[in-house]
Amino acid sequence: MGTSLLAMPWSVERAGLVMGLFLMFVIAALCLYTSNRILKVQVLHGNDTGEVAQLSKNLLGPWAEVIAKLFSFIILLGANIVYWILMSNFLYYSVGYVHDLLFADENTRAFEFNTTNLICPSNADYMSATSNTTRPLTLYERIWDLNTTVPIFLVVIVAPLLNFRSATFFTKFNSLGTLAVLYLFIFVIIKSYSWGINMSAPTIGGLTDYSEFYKNTFPATSGMLTLSMFIHNIIITIMRNNENQKHNGRDLSIAFTLVLLTYILIGITFYVCFPLAKSCIEDNFLNNFPRTDVFSIIARVFLFFQLLTVYPLISYMLRVQVFAALELSIYPSVLHVIALNCFVIFICILFAIFMPHIGTVIRFSGAICGFVYIYTLPTMLHLASQRRRNLLTFGSVIFHVSISLIGLANLVAQFFV
């Protein structure tokens, strides 16, 4: 659980209130079931060091191992892209806050401690009415631009952290993730309490925008939630550390329940209380707060340093898997590591400049990799296991193939939203 929290209110808006809540329960249940299938198959056919890719090879064949590894690469690369977009955003607004604090005149240096000021970046009419678009850009604004220069400047900060032989240093900061989630939770609760319940809100043109219970764009939500609940490629490694392996099913259920409750509390609460038109909700809800909002700046600074420790960890995991697939050591040479890091960073910068929308990246990467890792591989492994044990039934085949078809429908639907 991490960056998806920032997009959860947007995902509710894409589906509508009731449909969004329904999809949260359904996707969580499917992800819990399929991840539990992986653990059950691992107990029956795996070994003490095996992963999903090895299970796939043993039960389905070498082709399944290649697919498992390939889509594991893709999901890690997708996470890196999302993190780079968010770090660029957090860095841009954090530096902008300091710049305004030091150099802005008294008319613009109005830093907000109130909880009601909001903006609607997706509405051009609103933004043009609330900002001075006629004045020329300053030198600072030309140099420090969110969608062009900042993703490149970020390289200076992040690149030196990616060439370590071990990721042990960054694992010591895992608690920052818990603290960041806690701060976001408190942040949303305080803001939502100050707004009150707003199931309808005036739009810019004076019309009333009512909260919809259902919207045809709900596949965007199902795609995003698939990635939000994605843990399947490393679930064996995580649960292997459980002291009592008999409790894996129970503990996994508790984990998914807590994640689901957190997503509901943040996504539904923000959506229900948001006082502007619901269509204004951004895929990073912090963008709905002006750059002068102190509490959102604190959140951005907090999250920036959290992602600054998580990004090297994800890059390390990607490096290990890529080099293992190429039958190389974890750290074959400095040149190998730098070349891979440069390639990953280049891809991240391209997305941060030309596709800086985490909602889009999350839903497509979630739908693509989820189709393989959540909806298909676990069900195929389970059916293959049943076949080996002579327990395969027609009902089991129909049920588990249906899960794969749901994943396929989720993937195809992303291209029509």
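Me: Before we look around, what makes a charge count as sitting over a ring?
Reply: The NZ of a Lys or the CZ of an Arg has to be within 6 Å of the ring centre and within 35 degrees of the ring normal. In this predicted model, the charged end of R300 sits over the ring of Y93, 4.0 Å from its centre. With the limit at 6 Å, the distance fits, so R300 qualifies on that count.

Me: Which residue lies over the face of Y271?
Reply: That's K278, at 5.3 Å from the ring centre.

Me: How do you know which parts of the model the predictor is confident about?
Reply: Look at pLDDT, the predictor's confidence in each residue, from 0 to 100. The chain has a mean of 87, and 89% of its residues reach 70 or more. Among the elements, helix α17 (residues 394-413) has the highest mean, 96, and helix α5 (residues 124-130) the lowest, 53. Where pLDDT is low, the predicted coordinates should not be read in detail.

Me: Why is the pair F270 and F274 called stacked?
Reply: Ring centres have to lie within 6.5 Å to pair, and planes under 30 degrees apart count as stacked. For F270 and F274 the centres are 5.5 Å apart and the planes are at 25 degrees, so the pair is stacked. Both residues are buried. They also belong to a cluster linked by ring pairs, together with Y183, F187, W195, F285, F289 and F302.

Me: And what makes F230 and Y373 edge-to-face?
Reply: The angle does: edge-to-face takes over 60 degrees, and these planes have 70 degrees between them, with 5.9 Å centre to centre. F230 lies in the loop between α10 and α11 and Y373 in helix α15, so the pair ties together parts that are 143 residues apart in sequence. F230 is buried, and so is Y373.

Me: How do you know that K215 and E13 form a salt bridge?
Reply: The nitrogen has to be within 4 Å of a carboxyl oxygen, and here the closest N and O atoms are 2.6 Å apart. K215 is in the loop between β2 and α10 while E13 is in helix α1, so this bridge ties together parts 202 residues apart in sequence. K215 and E13 are both buried. With R14, they are linked in a network of salt bridges.

Me: What makes E65 buried but K69 partly exposed?
Reply: Buried means under 20% relative accessible area, and partly exposed runs from there up to 50%. E65 has 18%, so it counts as buried, while K69 has 29%, so it is partly exposed. The two side chains meet in a salt bridge (3.3 Å, N to O). Both lie in helix α4, 4 residues apart, about one turn of the helix.

Me: Why is F416 called exposed?
Reply: Exposed takes over 50%, and F416 has 70% relative accessibility, so it counts as exposed. F416 lies in the segment after α17. It helps make a nonpolar surface patch of about 620 Å², along with V401, L405, L408, V412 and F415.

Me: What makes E327 stand out?
Reply: Its phi is near 60 degrees, a positive value in a residue other than glycine. Most residues other than glycine have a negative phi. E327 is in the loop between α13 and α14. With a relative accessible area of 74%, E327 is exposed.

Note on methods: Residues numbered from 1 in each chain as written. Predicted model: local features only at pLDDT ≥ 70, side-chain atom pairs only at ≥ 80, totals over all residues. Heavy atoms only, no water. Helix = DSSP H or I, 4+ residues; strand = E, 2+ residues; numbered from the N terminus. Patch = residues over 30% accessible without salt bridge, like charges linked within 9 Å, V, L, I, M, F, W, Y side chains within 5 Å. Areas by Shrake-Rupley, 256 points an atom, 1.4 Å probe, with all protein chains shown as cover. Buried < 20%, exposed > 50% of the residue type's maximum accessible area, 1.4 Å probe, protein only. Phe/Tyr/Trp six-rings, centres within 6.5 Å; stacked < 30°, edge-to-face > 60°.
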